[in-house]
Amino acid sequence: MPVVKLTSNDEYVNFLKSNDLSVIHFYAPWADQCTQMNEVLEQMTKLDEYKNVKFANIVAEDLPEISMKCSITAVPTTVLFNKENIVGRVNGANPSEVKEQIKKHLSNKNESSQTLEDKLQALIDKAPCMLFMKGNRDTPRCGFSRTIIALLEEHKADYETFDILEDNEVREGLKKYSNWPTYPQLYIRGELIGGLDIAREMSESGELDSMLPKKSQGNLEDRLKKLINQAPCMLFMKGNRDVPRCGFSRTIINLLNEHEADYQTFDILEDNEVREGLKKYSKWPTYPQLYINGELIGGLDIVKEMSEAGELDSMLPKKEA
């Protein structure tokens with residue numbers, strides 16, 4: 001069965017009704033990496049080992065509600081489903097990882113080596129501070145989750161999140177396992193602290209701060225300095241020079257290429273610590289950010305103004321002829 005192109009919410013819902021493992025590639029037609037992944041999936045449909053797998057693709061921007069529901073923040077992204085439950089995800093063009101995840105889920109389809117309680121405890125112990133929530137730290141999907149994320153950030157906590165909307169077994173199982181009926185749920189060193197109300201009370205009383213593991217600010221600043229000075233001209237952007245993932249990033253890439261600049265890029269979508277840390281470090285709240293010889297030049301508007309004024313060209317390192 002060839003790869004199915006899904007163009008509506010009804011087609012998406014019907015596609016996931018099957019008991020077979022379903023794989024959907026969220027893509028953009030203009031991105032070369034997405035074209036590569038579509039070709040890989042088309043080849044996989046012809047192989048006998050994937051006969052019990054259904055493949056489809058969706059233009060992410062054409063169905064924004066589905067993309068948001070599946071936490072699609074960049075393309076290509078390949079998502080594995082068991083009916084409507086997300087059971088796997090591969091960000092970027094990584095065919096080998098897609099194949100590995102499919103094989104893993106096919107082999108585990110009829111047997112489980114891990115009980116639900118083991119799975120829940122392993123998730124709770126995944127980090128010293130774990131937050132089970134709707135969405136993730138970058139995209140909270142309810143007001144309570146958004147508020148507790150803001151609280152943890154105020155305390156400069158070092159924490160990880162688990163999106164209970166992506167795994168209904170965890171979502172329902174953890175409520176019984178912890179004897180706590182709502183979300184978010186905050187755990188510190190394997191112990192349930194509670195939900196938003198309790199976390200907020202503990203914060204106001206001064207109890208919470210000493211319990212929370214903290215981000216290592218010194219190490220982060222050292223890392224940011226090294227990245228900024230990784231090349232004479234560094235661009236921090238969404239995506240990379242070959243696959244920009246927003247209009248501003250695409251425009252500044254075109255501008256640098258017009259000046260024949262010699263530059264390197266860093267994809268802030270791949271590293272949330274850098275994404276959030278650099279905004280504070282540079283006191284510049286948006287992306288892209290352009291640095292020359294370790295100094296912040298600014299974002300797209302400033303770079304465009306400097307280019308039009310004739311100031312930018314002499315500052316940029318040039319590609320060797």
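In the predicted model, G206 takes a positive phi of about 90 degrees at a point just after helix 8. Helix 8 itself spans residues 196–205, and its buried residues are L196, A199 and M202. These buried residues cover an arc of only 135 degrees around the axis, which puts them on the same side of helix 8. An α-helix has 3.6 residues a turn, so residues three or four places apart point the same way. On the other side of helix 8, the residues D197, E201 and E204 are exposed. The cover over the buried residues of helix 8 is provided by several elements, including helix 6 (143–154), strand 8 (185–188), strand 9 (191–194) and helix 9 (207–211).

A histidine in the loop between helix 6 and strand 7 (160–163), namely H155, also has contacts with residues distant from it in the sequence. When residues up to four places away in sequence are not counted, H155 touches S203, L208, D209, L212 and K214. With a relative accessible area of 12%, H155 is buried, since the limit for that class is under 20%.

The arrangement of two further helices was examined next. The axes of helix 5 (residues 116–124) and helix 7 (residues 168–177) come within 10 Å and cross at roughly 90 degrees. That angle makes helix 5 roughly perpendicular to helix 7, because angles of 65 to 115 degrees are placed in this class. On the side of helix 5, the contact involves L116, E117, K119, L120, Q121, L123 and I124, which meet E169, V170, G173, L174 and Y177 in helix 7. By character, the residues of this contact of helix 5 with helix 7 divide into seven nonpolar, two polar and three charged.

Considered as a whole, the protein chain contains 14 helices and 13 strands, and its C-alpha atoms fill a box of roughly 65 × 60 × 30 Å, taken along the principal axes. Of the 321 residues of the protein chain, 45% count as buried. Among the contacts in the protein chain with a separation of 6 or more, 65% are accounted for by residues 24 or more positions apart.

The cysteines were then considered. A disulfide is a covalent bond between the sulfur atoms of two cysteines. With a cut-off of 2.5 Å between cysteine sulfur atoms, the count comes to zero disulfides. C129 is in no disulfide, and the nearest cysteine sulfur, that of C142, is 17 Å away; at 0% relative accessibility, C129 counts as buried. C233 is likewise in no disulfide, the nearest cysteine sulfur being that of C246, 17 Å away, and C233 is buried, with a relative accessible area of 0%.

Several loops contain backbone features that deserve mention. The peptide bond from Y183 to P184 is cis, with omega near 5 degrees, and P184 is found in the loop between helix 7 and strand 8. A cis peptide bond also runs from Y287 to P288, with omega near 5 degrees, where P288 lies in the loop between helix 12 (272–282) and strand 12 (289–292). The loop between helix 12 and strand 12 also holds K283, which has a positive phi of about 55 degrees although it is not a glycine; at 74% relative accessibility, K283 counts as exposed. N293, in the loop between strand 12 and strand 13 (295–298), has a positive phi of about 50 degrees although it is not a glycine, and at 56% relative accessibility N293 counts as exposed.

Notes
Residues numbered from 1 in each chain as written. Predicted model: local features only at pLDDT ≥ 70, side-chain atom pairs only at ≥ 80, totals over all residues. Heavy atoms only, no water. Axes fitted to C-alpha atoms, helices over the stretch in contact; angles between N-to-C directions. Helix = DSSP H or I, 4+ residues; strand = E, 2+ residues; numbered from the N terminus. Parallel < 35°, antiparallel > 145°, perpendicular 65-115°, else oblique. Contact = heavy atoms within 4.5 Å. Nonpolar A, V, L, I, M, F, W, Y, C, P; charged D, E, K, R; others polar. Buried < 20%, exposed > 50% of the residue type's maximum accessible area, 1.4 Å probe, protein only. Arc of directions from axis to C-beta.
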